[in-house]
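User: I'd like a close look at one helix packing in this protein, and then a walk through whatever sits around it. Keep it casual, please.

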Amino acid sequence: MKKILFIASECVPFIKTGGLADVIGSLPKYFNKEKYEVRVIIPNYHCIPQKWKDQMQYVTNFYMDMAWRSQYVGVMEMDYEGIHYYFIDNEYYFAGEKPYGYIHEDIEKFAFFSRAALSILPVVDYQPDIVHCHDWQTGLVPVYLKDSFHDSEFYANMKSVMTIHNLKFQGVWNIRTVQDATGLDMSYFTSDKLEAYGDANYLKGGIVYADLVTTVSNTYAQEIQTPFYGEHLDGLMRARSAELYGIVNGLDYTEWNPETDMRIAANYTAENFRKQKFKNKLALQKELGLPQDKKTLLLGIVSRLTDQKGFDLIDCVMDELCQENIQIVVLGTGEEKYENMFRHFAWKYDDKVAACIYYSDELSHKIYAGCDAFLMPSLFEPCGLSQLMSLHYGTLPIVRETGGLKDTVEPYNEFEGTGTGFSFTNYNAHEMLGTVRYALSVYYDKKRNWNKIVDRAMAADFSWGNSSKQYEELYEKLG
């Protein structure tokens, strides 16, 4: 049996700031239990809810040399849904009301976490074959494995995989501080190792030293080898292209399932959505104060309101969009200019636009179930989960062809009768508007065709079962 260790900075249900936590909380459950034993290490943050802390068992503690100082490492553990979790305890590093703070503090915090995650393994008597690291917070793990830990027989044969969930976040700080925090020899801070543009870069270290590198969609794996998407690491990504793989994230269909979802007004399936789905639309319209009309196309947006997500395109044509026979509901927070833009249009077109400038998990489920279409015009999108949710709920995604959006949404082709949504290629506001208008014309003039697209969207399989098999194949490549 192969032993796999996931090391990450967050994990559902214990702590979550973004999609990374969903991946770490879901993926380990889907591996073939007869062939793989997967365990997970995350920090024991002060802000993990008390109900989880009450279930943790104390294992041990010890002091670890960290550069020139000695640091306390506490180890807690628990089993949850068949997976064994370790929590690394240190009140100095993991205090605070949220998992991440200022980058200069996080740099030292995650140097400690990366070293501690490897140091606890002999203590808890667990020797993984493969250490699977996620994002810049664990970028030092492959570096340490090849550095001070390499001399120990216990670690000598461990292989490492580095997964990039979003290349934009790299863990960059000045070399002097990082050298002091990590205890790594200065020979590591050269342009072929951790140094990038005069600074030290954690993610770069992970990419250079890991045995294999993965990212969260096939298209994104190609895109990050180009200057536009490569975030200044495109040369390195091209150099490692032979060991670079794209595997689309899955969706936890136990959590996101219109047939069993307790948060929505009416449950429905691929068989009966024609008779049931509109009840969710009427309930959502009523809740948000929009005119109740099952015939009007309701367009949903659930997102962080940032440039990356394409809101400058929406801003550019929002007035034109509101002239159409359409209702728009938006849920999310982010940049002030976009929050205010949606508030303005909700005031100007109060019978067409509902702006919910906050986040609510319950309302997000209602939007995925109640809307007819879902807009996601991202500038870049490593994988994206919202389009997977909308597909499964039969809410047709309208997306830009980038990253995971291109890999998961097949554009509608009226001549071949194929496709699961609508897409446009260029990052252009009027190209997006034209695609929305095309979707509207299909919805109003060719309702039968629209319903067939919904059939195909709901039949698409983006469960974790699919993705986990691809990860298993990768692990086999490492021997």
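At what angle do helix H10 (residues 273-288) and helix H13 (residues 361-370) pack, and how far apart are their axes?

Analyst: Bear in mind that this is a predicted model. In it, the axes of H10 and H13 run 8 Å apart, and the angle between the two helices is about 130°. Oblique covers whatever is not roughly parallel, roughly antiparallel (over 145 degrees) or roughly perpendicular (65 to 115), so H10 counts as oblique to H13. As for handedness, H10 and H13 make a left-handed crossing.

Now the side that each helix brings to the contact. From H10 come Lys277, Asn280, Lys281, Leu284 and Glu287, and they meet Leu363, Lys366, Ile367, Tyr368, Ala369 and Gly370 of H13. Sorted by character, the residues of this contact are five nonpolar, two polar and four charged.

Pick out Lys281, since it turns up again in a salt bridge. Its side chain pairs with that of aspartate 372, at 2.7 Å from N to O. Lysine 281 belongs to helix H10, while aspartate 372 sits in the loop between H13 and strand E16 (373-376), so this pair ties together parts 91 residues apart in sequence. Buried or exposed? Lysine 281 is buried, because its relative accessibility is 2% and the cut-off for buried is under 20%. Aspartate 372 is buried too, with a value of 10%.

Another salt bridge starts in the loop on the far end of E16. Glutamate 381 pairs with lysine 309, and their closest N and O atoms are 3.0 Å apart. This one links distant parts of the chain as well: glutamate 381 is in the loop between E16 and helix H14 (386-392), lysine 309 is in the loop between strand E13 (297-302) and helix H11 (311-321), and 72 residues separate them. Glutamate 381 and lysine 309 are both buried. Elsewhere, Lys29, Glu81 and Asp252 are joined into one network by salt bridges that share partners.

For a local pairing, look at helix H9 (residues 234-239). Arginine 238 and aspartate 234 both lie in H9, four residues apart, or about one turn of the helix. They form a salt bridge with 2.9 Å between the closest N and O atoms. The two ends sit in unlike surroundings: arginine 238 is partly exposed at 42%, whereas aspartate 234 is buried at 12%. Across the whole structure, the search turns up 23 salt bridges.

If you want a helix to set beside H10 and H13, try H1 (residues 19-26). Six of its eight residues are buried, so H1 is largely enclosed by the rest of the structure. The buried ones are Leu20, Ala21, Val23, Ile24, Gly25 and Ser26. Their packing partners are strands E1 (2-7), E2 (36-43), E5 (83-89) and E6 (130-134), together with helix H18 (464-477).

One last stop is serine 70, which is placed in strand E4 (residues 69-80). With 43% relative accessibility, serine 70 is partly exposed. Leaving aside residues up to four places away in sequence, serine 70 touches Tyr63, Met64 and Asp65.

Definitions and conventions: Residues are numbered from 1 along each chain as its sequence is written. This is a predicted model: local features need pLDDT of at least 70, side-chain atom pairs count only at pLDDT 80 or more; totals for chains, interfaces and linings use all residues. Side-chain values use heavy atoms; hydrogens and water are left out. Buried means under 20% relative accessible area, exposed over 50%, partly exposed in between (1.4 Å probe, protein chains only). Contact means heavy atoms within 4.5 Å. Axes are lines fitted to C-alpha atoms, for helices over the stretch in contact, and angles run from 0 to 180 degrees between N-to-C directions. Angles under 35 degrees count as roughly parallel, over 145 as roughly antiparallel, 65 to 115 as roughly perpendicular and the rest as oblique. A crossing is left-handed if the near helix is turned anticlockwise from the far one by less than a right angle, and right-handed if clockwise. Ala, Val, Leu, Ile, Met, Phe, Trp, Tyr, Cys and Pro count as nonpolar, Asp, Glu, Lys and Arg as charged, and the others, Gly among them, as polar. A salt bridge is a side-chain nitrogen of Lys or Arg within 4 Å of a carboxyl oxygen of Asp or Glu.
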